[in-house]
Amino acid sequence: MDFNLSEEHKAVQEAARDFAQNELLPGVIERDDVQKFDPTLLRRMGDLGFMGMMVSPEYGGGGMDTVSYAIAIEELSKVDASASVIMSVNNSLVCWGLEKYGNEDQKQKYLTRLAAGEVVGAFCLSEPEAGSDATSQHTTAEDKGDYYLLNGTKNWITNGNTASIYLVMAQTYPEKRHKGINCLIVEKGMEGFSVGKKEDKMGIRASDTHSLMFTDVKVPKENRIGEDGMGFKFAMSTLNGGRIGIAAQALGIAAGAYELALAYSLQRKTFAKPIFEHQAIQFKLAEMATRIEAARLLVYKAARLKDEGKEFVKEAAMAKLYASDVAMWVTTEAVQVHGGYGYVKEYHVERLMRDAKITQIYEGTSEIQKIVIARELLK
């Protein structure tokens, strides 16, 4: 076992940290307030290669491994989880799925632009009645010969309005249940496709989350990913890898809150000494550091297994389950360390606490992760 980062990994870490601290940090509170991500920063993420890190250079990506991707997500999440979720969805749920399951025409038409950050993608699985139960797709894709007629609604879609390319799961053969689902590539601007209101969220407020409506949208047959009826398999396979990204995001949120709490504890004085010298604060920081390190090892292990082409489903679910709990606990404790200052926006930890909660919910709730882990144990 080698727990050291390679020189390439260290370079990725430094580049991501520099971008986060020098470009994301200024204005992060304001972006949270107005609930809007700066498009200039989005273009910078594309220019720096963060939007297609794992995509093959053949299609304009960085050709990097999953560990590099997790490292970058962690550094961005220390500062701005809204930025990291935009990056995570584009990399894990859209680009990865397209490269693995898409045909050459789809890769040339869509993947190259997504990997370069020229456009942003969205992954559309959740519905009003299909969250954790992803098999219950009410959105339909009726086979009309040379096209599908798409009807339905998708909920809680990250990059809902920012995106230009959408991977939409829809039911074509209801009698086949999950084996009748297809994944279709839908472009913004297709007739009958509309974006609903933006959700007013507790956390990750600068990322745009919307409902999407499809009314008799004609989607060409060539926009179907993979064989007929493999949409559910596509979605589950993609989500397995996506969990590593969200685990890394949770890890970064926790690490960012811990770093802020540690720095504050060395500056803030009570009873004529820095609060770090009080055992109560030392114990909090020690527990934070320990849980974060444990989460980091889980995340990196899952990423390494994926890079080695080995089974990683259980490890990815464990990483997301544990890291998201750590993020929620550490951010709450970081607010406590800051006292009254932790409850105001200026000190950032209250935002990190709000951002942490979603990591226990999206891309599979903590309860779903336990189901996945238990099923894998039986194997």
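1. Let's start with the largest pocket, since that's where there is plenty to say. Helix α7 gives the largest share of its lining, six residues. Keep in mind that this is a predicted model.

2. Who else chips in? Besides α7 (231-267), at least two lining residues of the largest pocket come from each of α5 (81-101), β3 (147-158), α10 (349-357) and α11 (366-378). If you want to find these stretches in the viewer, those ranges are the ones to colour.

3. Now for the space itself: the largest pocket holds about 1,200 Å³. Its lining runs to 43 residues, and the ones closest to the centre are G131, L239, E363, G364 and T365. Of these, L239 falls inside the α7 range, 231-267.

4. What is the chemical make-up of that lining? In the largest pocket, 21 of the lining residues are nonpolar, 11 are polar and 11 are charged.

5. On to the second largest pocket, with a volume of about 390 Å³. It is lined by 14 residues, and D2, F3, L297, Y300 and R304 sit closest to its centre.

6. Which helix gives the second largest pocket the largest share of its lining? That would be α8, with six residues. Both α8 (279-307) and α1 (7-24) supply at least two lining residues here. Sorted by class, the lining of this second pocket has six nonpolar, five charged and three polar residues.

7. Stepping back to the whole chain, the protein has 11 helices and nine strands. Its radius of gyration is 21 Å, close to the 21 Å that the globule rule gives for 379 residues, so the protein is as compact as a globular protein of that length. Along the principal axes, its C-alpha atoms fill a box of roughly 80 × 45 × 35 Å.

8. How much of the protein is buried? Buried residues account for 56% of the 379, where buried means under 20% relative accessible area. The exposed surface of the protein comes to about 16,500 Å², and carbon and sulfur atoms supply 52% of that.

9. Last, a word on contacts. Take the contacts between residues at least 6 apart in sequence: 73% of them join residues at least 24 apart.

How values were computed:
Residues numbered from 1 in each chain as written. Predicted model: local features only at pLDDT ≥ 70, side-chain atom pairs only at ≥ 80, totals over all residues. Heavy atoms only, no water. 1 Å grid on protein atoms, 1.4 Å probe; cavity = no way out; pocket = protein on both sides within 12 Å on 5 of 7 lines; lining within 4 Å. Points joined across faces, edges and corners; volume = space filled by probe spheres on them. Helix = DSSP H or I, 4+ residues; strand = E, 2+ residues; numbered from the N terminus. Nonpolar A, V, L, I, M, F, W, Y, C, P; charged D, E, K, R; others polar. Rg over C-alpha atoms; globule rule 2.2 N^0.38 Å. Buried < 20%, exposed > 50% of the residue type's maximum accessible area, 1.4 Å probe, protein only. Contact = heavy atoms within 4.5 Å. Areas by Shrake-Rupley, 256 points an atom, 1.4 Å probe, with all protein chains shown as cover.
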